[in-house]
Amino acid sequence: MSDAQKPAGPHSGSSCLMCPSAQPEMPGSRVLGVVGGTPGATEVAYLNEHLPVTEDLLRLAGPVPPTQVFRFAAQCDERACAHFDGTNCKLATRIVNILPAVVDALPPCLIRATCRWYQQEGRAACMRCPQIVTLTYEPSEAMRLAAEGK
Ligand code: SF4
């Protein structure tokens with residue numbers, strides 16, 4: 001992305017950014033959205049209020065893992081995460097480079113000011129974000145490539 005497209009803000013380059021495809025047990029985890037849509041056309045509905053992770057909430061996922069039906073946001077693990085190269089989240093880079101945009105306007109997302117994907121990739125990340133499911137068993141080839149990098 002060009003410098004002109006990059007978001008600027010107090011969190012640029014800081015280490016207190018949030019991962020928008022986090023695990024519920026990570027520090028500060030909250031529900032970012034609920035996975036909806038249809039197989040092959042997933043569409044995350046972003047929450048319009050802060051919803052922390054609780055045991056009761058995790059039980060709502062029923063028999064499937066919570067990351068299959070919820071998107072969680074939590075403090076970015078940075079060097080503890082395989083996607084982080086010391087500077088950037090390579091997952092965010094691959095999502096922007098590999099996956100198509102699925103919306104043409106910024107989703108109404110509460111974490112934008114601290115989202116690592118947005119801080120790094122700008123609007124391009126948001127345009128692709130609603131199709132991301134943290135845990136999916138039958139990803140498309142593009143989704144698998146974006147997730148795994150090979
Ligand atoms: S919509 Fe944008 S700001 Fe919100 S979680 Fe997705 S990439 Fe981050």
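**Close-up views of a predicted model**

**View 1. Confidence along the protein chain.** This model is predicted. The protein chain has a mean pLDDT of 90. In 90% of its residues, pLDDT is 70 or more. Residues 1–14 stay under 50. For this stretch, the model has 17 contacts beyond four places in sequence. Where pLDDT is low, the predicted coordinates should not be read in detail.

**View 2. The shell around the ligand.** Which residues surround the ligand? They are Pro20, Leu32, Pro107, Cys109, Ile111, Arg112, Cys115, Trp117, Tyr118, Ala125, Cys126 and Cys129. By type, 11 residues of this shell are nonpolar and 1 is charged. No polar residue is found in the shell. Two helices contribute here: α4 (116–121) and α5 (123–128) each give the shell at least two residues.

**View 3. Strand β4 and its surroundings.** Strand β4 covers residues 70–75. How many of its 6 residues are buried? The count is 5, so the rest of the structure largely encloses this strand.

**View 4. Strand β1 beside β4.** Strand β1 spans residues 18–22. Strands β1 and β4 run antiparallel, joined by 3 bridges. At one of these positions, Ala22 has Phe72 of β4 as its bridge partner.

**View 5. Strand β2 beside β4.** Strand β2 spans residues 30–38. Its pairing with β4 is antiparallel and has 4 bridges. Look for Val31, which stands opposite Phe72 in β4. Phe72 is also the bridge partner of Ala22. When you follow the side chains, remember a general pattern. In a regular strand they alternate between the two faces of the sheet.

Key:
Residues numbered from 1 in each chain as written. Predicted model: local features only at pLDDT ≥ 70, side-chain atom pairs only at ≥ 80, totals over all residues. Near = placed C-beta within 6 Å. Nonpolar A, V, L, I, M, F, W, Y, C, P; charged D, E, K, R; others polar. pLDDT = per-residue confidence, 0-100. Contact = placed C-beta atoms within 7 Å. Buried ≥ 20, exposed ≤ 12 C-beta atoms within 10 Å, placed from the backbone. Pairing = 2+ DSSP bridges.
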